[in-house]
Amino acid sequence: MSTGTAGQQASMEPDLSERWMFFDGEFVRECDVRIPIQTHALHNGTGVIEGIRAYWNAGRQQLYLLEVLAHYQRFHRSARIVRMAVPESAERLVAITQELLRRNDCREDTYIRPIFFKSAPLMSMNLRAMTGRLAVHTYPLGPFHDSGVGAMVSSWRRIPDAVIPARAKTTASYLNSALAKTEAVANGFDEAIMLTHDGHVCESSTCNLFLRKDGEFLTPSVTDDILEGITRRQLIGMLRDDVGQSLVERSVDRTELYAADEMFICGTGYGLVPVLSVDHTPVGDGDVGPHTRRLMELYQRAVRGEEERYGHWLLPVHP
Ligand code: PMP
């Protein structure tokens, strides 16, 4: 069952505080920002987002941005896929984020949410014809300590590439995630695993999925309507290069979920979360698998700068 703190914090009403955010090209106080109700994105889901984390290392009194350039590169790619153009370069957004975290004197684990959204108060559906607005805001978000989740295979299918591209992190695609998660919780599960339109395993509501079977790790391939997760990419590298495990990216059948020995879901917000059962069928012996536990520990050390070989993932914020 979920014992995490991140989920609880995320569900709280936003604290419209004196905190700084970046909006329309300048640093402003959160409480001073007003968005017209006519905003196109509010009605039509015409926005792209990112979800970035910064981890605090108390011993070093340093805050580390995790894979921040990769996140802003994906932000640009998401926008390009849906015919939008983010006004600042990925490199400049990294510098803006560093400055924002310094201004807010962030000295704890923090979540960073960039959004570029269509703001024109128009009924138009031509994305190229509309103006957009860019914002980056931050809030404290502790690590998601989770002893493991029970998942169900959702009756909602993942949005296919030809409908709304899942590889782009659009605001619209999160209705799909929300429907799946809501159904899972209503049925007494913690998490939903979505299948592609043709019935292959895709991902959970907001995380990529890995399973271990027959002595190797499997994860759905990028052509199976997943968001191409940055944590997924990090873990593939970790498994192949450092942990010496075989990892295969391929289409995964639903029944392989029931045959797995270990399973976890992963994402920037959640880190690694073990999946202990699927549709009430225990994964392996129903406990956190040894390989999963080892990866979780290694990842947690790496994101706080305690593993030198992953130092290239991190960008220090404070001078
Ligand atoms: N899939 C979905 C649908 C997500 O929302 C996320 C979180 N961004 C992920 C996967 C994991 O992506 P990342 O590791 O880049 O955070």
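**Entry 1: Asp109 and Arg304**

I looked up the salt bridge in which the side chains of Asp109 and Arg304 meet, at 2.9 Å from N to O. The model is a predicted one, and I keep that in mind for each entry. The pair links distant parts of the chain, 195 residues apart. Asp109 sits in the loop between H4 and S6, while Arg304 sits in the loop between helix H8 (290-303) and strand S17 (314-316).

Are Asp109 and Arg304 buried or exposed? I found Asp109 at a relative accessible area of 9%, so I wrote it down as buried. Arg304 has 19% relative accessibility, and because buried means under 20%, Arg304 counts as buried too.

I added a general remark in the margin: side chains of opposite charge can pair when their charged atoms come close.

**Entry 2: The second largest pocket**

Arg304 came up again here, as one of the residues that line the second largest pocket. I noted a volume of about 180 Å³ for this pocket.

Which residues line the pocket along with Arg304? I listed Pro143, Phe144, His145, Asp146, Tyr270, Gly271, Leu272, Met296, Tyr299 and Gln300. By kind, the lining divides into 6 nonpolar, 3 polar and 2 charged residues. I then checked which elements contribute: S15 and H8 each supply at least two residues of the lining. H8 gives the most, with 3 residues.

**Entry 3: Other salt bridges**

How many salt bridges does the structure hold? I have 21 in my notes. I followed up a few of them.

Asp24 forms a salt bridge with Arg133, and the closest N and O atoms are 2.6 Å apart. This pair also links distant parts of the chain, with the two positions 109 residues apart. Asp24 lies in the loop between S1 and strand S2 (26-29), and Arg133 lies in strand S7. I put Asp24 down as partly exposed because its relative accessibility is 41%. Arg133 is also partly exposed, with a relative accessible area of 21%; buried would need a value under 20%.

The side chains of Asp105 and Arg107 meet in a salt bridge at 2.8 Å, N to O. I noted Asp105 as partly exposed at 46%, and Arg107 as partly exposed at 39%.

I also found a network of salt bridges that links Lys213, Asp214, Arg250 and Glu256.

**Entry 4: Partners of strand S7**

Since Arg133 is in strand S7, I looked up what S7 pairs with. Strand S7 covers residues 132-140 and pairs with strand S1 (residues 20-23) in the antiparallel sense, over 2 bridges. In that pairing, I see Phe23 opposite Ala135 of S7.

S7 also pairs with strand S6 (residues 110-118), again in the antiparallel sense, over 9 bridges. I picked out one position: the bridge partner of Lys118 is Gly132 in S7.

**Entry 5: Val68**

Where does Val68 lie? I found Val68 in helix H3. Its relative accessible area is 4%, so Val68 is buried.

Which residues touch Val68, leaving aside its neighbours within four places in sequence? My list has Ile52, Val94 and Leu315. I also checked Val68 against Ile112: the two are 44 residues apart in sequence, and their C-alpha atoms are 9.7 Å apart in space.

**Entry 6: Two positive phi values**

I started from a general point: most residues other than glycine have a negative phi. I then looked up two residues that have a positive value.

Arg83 is not a glycine, yet its phi is near 65°. I placed Arg83 in the loop between helix H3 (68-81) and helix H4 (90-103). At a relative accessible area of 48%, Arg83 is partly exposed; exposed would need a value over 50%.

His280 is the other one I looked up, with a positive phi of about 70° although it is not a glycine. I placed His280 in the loop between strand S15 (271-278) and strand S16 (281-282). His280 counts as exposed because its relative accessibility is 66%.

Note on methods:
Residues are numbered from 1 along each chain as its sequence is written. This is a predicted model: local features need pLDDT of at least 70, side-chain atom pairs count only at pLDDT 80 or more; totals for chains, interfaces and linings use all residues. Side-chain values use heavy atoms; hydrogens and water are left out. Two strands pair if DSSP finds at least two bridges between them. Helices (H or I, at least four residues) and strands (E, at least two) are DSSP runs, numbered from the N terminus. Buried means under 20% relative accessible area, exposed over 50%, partly exposed in between (1.4 Å probe, protein chains only). A salt bridge is a side-chain nitrogen of Lys or Arg within 4 Å of a carboxyl oxygen of Asp or Glu. Contact means heavy atoms within 4.5 Å. On a 1 Å grid over the protein atoms alone, a cavity is a set of points where a 1.4 Å probe fits but cannot get out, and a pocket is an open set with protein on both sides within 12 Å along at least five of seven lines; lining residues have an atom within 4 Å of a point. Grid points are joined across faces, edges and corners, and a volume is the space filled by probe spheres set on the points. Ala, Val, Leu, Ile, Met, Phe, Trp, Tyr, Cys and Pro count as nonpolar, Asp, Glu, Lys and Arg as charged, and the others, Gly among them, as polar.
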